[in-house]
Amino acid sequence: MIYTIQNQHLTVQIEDLGAQLASIQDARGREFLWQGSPESWNRRAPILFPIIGRLKDSTYQLDGVSYKMPNHGFARDLVFEAVSQSGQALSLRLDSSEETRKVYPFDFSLTVTYTLEENRLIKSHEVENKSDREMLYELGAHDGFRAAVSQDAIQVEGMETVRLYGMDQDNLLTPPDREVSARLPLTPMTYGRDTMIFDNPGCARLHTAQGEVVISAQDFLYMGVWTPDRPFDTGFVCIEPWSTLPDGTFMGRELADKPGVRRLSPGQKETLLYTTSICGTN
């Protein structure tokens with residue numbers, strides 16, 4: 001099912017499958033969100049939970065017990081329940097189930113709320129631990145925006161340079177190995193890696209011909225910039241605020257070893273949010 005929220009500046013559509021964005025249009029009807037394509041990337045804006053990225057051997061450990069988990073976790077492929085809606089806000093919730101506990105042995109609730117304020121879309125993620133023990137989790141976004149990969153650029157605000165993490169032949173993270181301009185091209189293979197990943201993103205501004213998309217992600221410690229490596233302009237770029245680093249060669253196999261992993265005591269809840277501002281040209 002598709003839900004719509006809107007104000008005088010933006011019209012936003014959200015799917016119940018994965019609680020992901022389906023469309024962001026400005027007052028002139030211009031689409032800013034990537035609409036998916038089987039030739040390049042058939043998703044739009046999946047939520048990454050309870051892990052980010054790929055795991056070595058598709059496996060993580062929790063207290064010495066191994067669990068299999070697909071890339072980016074399971075939330076993106078499950079239907080969320082709409083729990084509240086108004087003209088300018090929508091909340092959807094995913095609760096743990098017998099199936100999720102097979103790969104992630106916690107009882108949890110993940111509530112995603114989209115709220116419009118003028119030209120800003122605020123996306124909050126409330127995670128609640130309903131288990132009787134400490135819960136570890138990762139949370140990230142994977143929002144794709146329409147862009148001319150060969151022409152447009154991303155500026156990381158307030159920084160002159162960023163240090164990019166490396167990647168090995170299996171796309172597992174290696175320590176930062178390159179310092180580059182904070183005005184980034186939209187092609188990670190410019191720097192010989194699948195994804196450009198850096199620390200302390202704060203705010204990232206995507207410059208395109210139809211306007212600017214500004215991601216303010218102060219609640220997130222890391223950011224990824226990704227577009228598939230193709231011999232043609234794919235027409236989009238993903239800007240991805242992450243709570244935690246993906247699996248890497250310099251960290252242990254336990255989920256607790258992941259830099260930035262979130263921890264919740266029994267009964268505790270917390271909210272991580274980021275804001276997407278749409279600044280279209282006239």
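The following exchange introduces the strands, cores and cavity of a predicted model.

Visitor: In which order do the strands of the nine-stranded open sheet stand?

Guide: The pairing in this open sheet is antiparallel. Neighbouring strands are turned by 20° against each other on average, direction ignored. Read across the sheet, the order is E7-E8-E9-E10-E24-E20-E19-E14-E17.

Visitor: Which strands stand at the edges of that sheet, each with a single partner strand?

Guide: An edge strand has a single partner, so one side of it is left without a neighbour in the sheet. The two strands in this position are E7 (81-85) and E17 (183-185).

Visitor: How many bridges join E19 to E20?

Guide: Strand E19 spans residues 203-208, and strand E20 spans residues 211-216. A hairpin joins E19 to E20 through two residues, and the two strands run antiparallel. Within this pairing, Leu206 has Val213 in E20 as its bridge partner. The number of bridges joining E19 to E20 is six.

Visitor: Which residue in E19 is the bridge partner of Ala153?

Guide: E19 also pairs with strand E14 (residues 153-156), in the antiparallel sense. That pairing extends over four bridges. In E19, the partner of Ala153 is His207.

Visitor: Which residue in E24 does Ser216 stand opposite?

Guide: E20 pairs with strand E24, which covers residues 269-280. The two strands are antiparallel, with six bridges between them. Opposite Ser216 in E24 stands Thr275.

Visitor: Is Val213 buried or exposed?

Guide: Val213 belongs to strand E20. Leaving aside neighbours within four places in sequence, Val213 is in contact with Phe32, Phe145, Ala204, Arg205, Leu206, Thr276, Ser277 and Ile278. A residue counts as buried under 20% relative accessible area. Because its relative accessibility is 2%, Val213 is classed as buried.

Visitor: What distance separates the C-alpha atoms of Val213 and Ser66?

Guide: Along the chain, Val213 and Ser66 are 147 residues apart. In space, their C-alpha atoms are separated by 40 Å.

Visitor: Of the residues in the largest nonpolar core, which touch the most other members?

Guide: This core contains 69 residues. Its largest share, five residues, comes from strand E9 (residues 108-117). A second, separate core has nine residues, including Tyr165, Leu173, Ile197 and Leu245. In the largest core, the residues touching the most other members are Phe49 and Tyr104.

Visitor: Which residues does Phe49 touch, not counting those up to four places away in sequence?

Guide: Phe49 is a member of the largest nonpolar core. With residues up to four places away left out, the residues it touches are His72, Gly73, Phe74, Ala75, Tyr104, Phe108, Leu110, Val127, Tyr137, Glu138 and Leu139.

Visitor: Which residue in E3 does Ile14 stand opposite?

Guide: An open sheet of three strands has the order E1-E2-E3, with antiparallel pairing. Its edge strands, E1 (2-6) and E3 (21-26), each pair on one side only. Strand E2 (residues 10-15) is joined to E3 by five bridges. Opposite Ile14 in E3 stands Leu21.

Visitor: How much space lies in the largest cavity?

Guide: A search of the whole structure finds one cavity of 30 Å³ or more. The residues lining the largest cavity are Leu55, Thr59, Tyr60, Asp247, Arg253, Glu254, Leu255 and Lys258. The space in this cavity is about 40 Å³.

Methods: Residues are numbered from 1 along each chain as its sequence is written. This is a predicted model: local features need pLDDT of at least 70, side-chain atom pairs count only at pLDDT 80 or more; totals for chains, interfaces and linings use all residues. Side-chain values use heavy atoms; hydrogens and water are left out. A nonpolar core is a set of buried Ala, Val, Leu, Ile, Met, Phe, Trp, Tyr and Cys residues joined through side-chain atoms within 4.5 Å. Buried means under 20% relative accessible area, exposed over 50%, partly exposed in between (1.4 Å probe, protein chains only). Contact means heavy atoms within 4.5 Å. Two strands pair if DSSP finds at least two bridges between them. Axes are lines fitted to C-alpha atoms, for helices over the stretch in contact, and angles run from 0 to 180 degrees between N-to-C directions. On a 1 Å grid over the protein atoms alone, a cavity is a set of points where a 1.4 Å probe fits but cannot get out, and a pocket is an open set with protein on both sides within 12 Å along at least five of seven lines; lining residues have an atom within 4 Å of a point. Grid points are joined across faces, edges and corners, and a volume is the space filled by probe spheres set on the points.
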